[in-house]
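Biologist: I am new to this structure and would like a close look at a single part of it. Could you pick one helix and walk me through its surroundings?

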Amino acid sequence: MFGLLGDWLSGTYKVSTGTILAILGAVIYFVTPIDAIADFIPVLGWMDDAAVFTLVINQIRAELDRYKERKR
């Protein structure tokens, strides 16, 4: 996912705006201190971050598969 984002930023890979927004949204959610469940709560605090990444990866799975094939 991060490789795809990097290649998009460098202009070497074209991808839909929706895919980029989903990836950026997940990254922003992960790095900001505002979460559905605070990160200082052991295990539960990280589970919501993992759930967001899982949701995004499932949403953009087809695009990630195309990207992996192109990188081969």
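Modeller: Happy to; here is a short overview, followed by helix H4 and then a residue in helix H3.

A word on the source: this is a predicted model, in which local features need pLDDT of at least 70 and side-chain atom pairs count only at pLDDT 80 or more, while totals for chains, interfaces and linings use all residues. Residues are numbered from 1 along each chain as its sequence is written, and side-chain values use heavy atoms, leaving out hydrogens and water.

The protein has four helices and zero strands, where helices (H or I, at least four residues) and strands (E, at least two) are DSSP runs numbered from the N terminus. Its C-alpha trace spans about 40 × 20 × 20 Å along the principal axes. Of its 72 residues, 28% count as buried; buried means under 20% relative accessible area, exposed over 50% and partly exposed in between, with a 1.4 Å probe and protein chains only.

Now to helix H4, which covers residues 61–71. Glu63, Leu64 and Tyr67 are its buried residues. Seen down the axis of H4, they fall within an arc of 100 degrees, so they line one face of the helix; the arc is that of the directions from the helix axis to the C-beta atoms. As a general rule, an α-helix has 3.6 residues a turn, so residues three or four places apart point the same way. The cover over the buried residues of H4 includes helix H1 (2–10), helix H2 (17–31) and H3.

Take Glu63 from that face. Its relative accessible area is 11%, which is why Glu63 counts as buried. Leaving aside residues up to four places away in sequence, Glu63 touches Leu4, Tyr13, Lys14, Val15 and Thr19, a contact being heavy atoms within 4.5 Å.

For another acidic side chain, turn to Asp48 in helix H3 (residues 44–59). Asp48 is buried yet has no salt bridge, that is, no side-chain nitrogen of Lys or Arg within 4 Å of a carboxyl oxygen of Asp or Glu. Its nearest side chain of opposite charge, Arg61, is 19 Å away; here Lys and Arg count as positive and Asp and Glu as negative, with His and the chain ends not counted. Beyond residues up to four places away in sequence, Asp48 touches Tyr29, Asp35, Ala36, Ile37 and Asp39.
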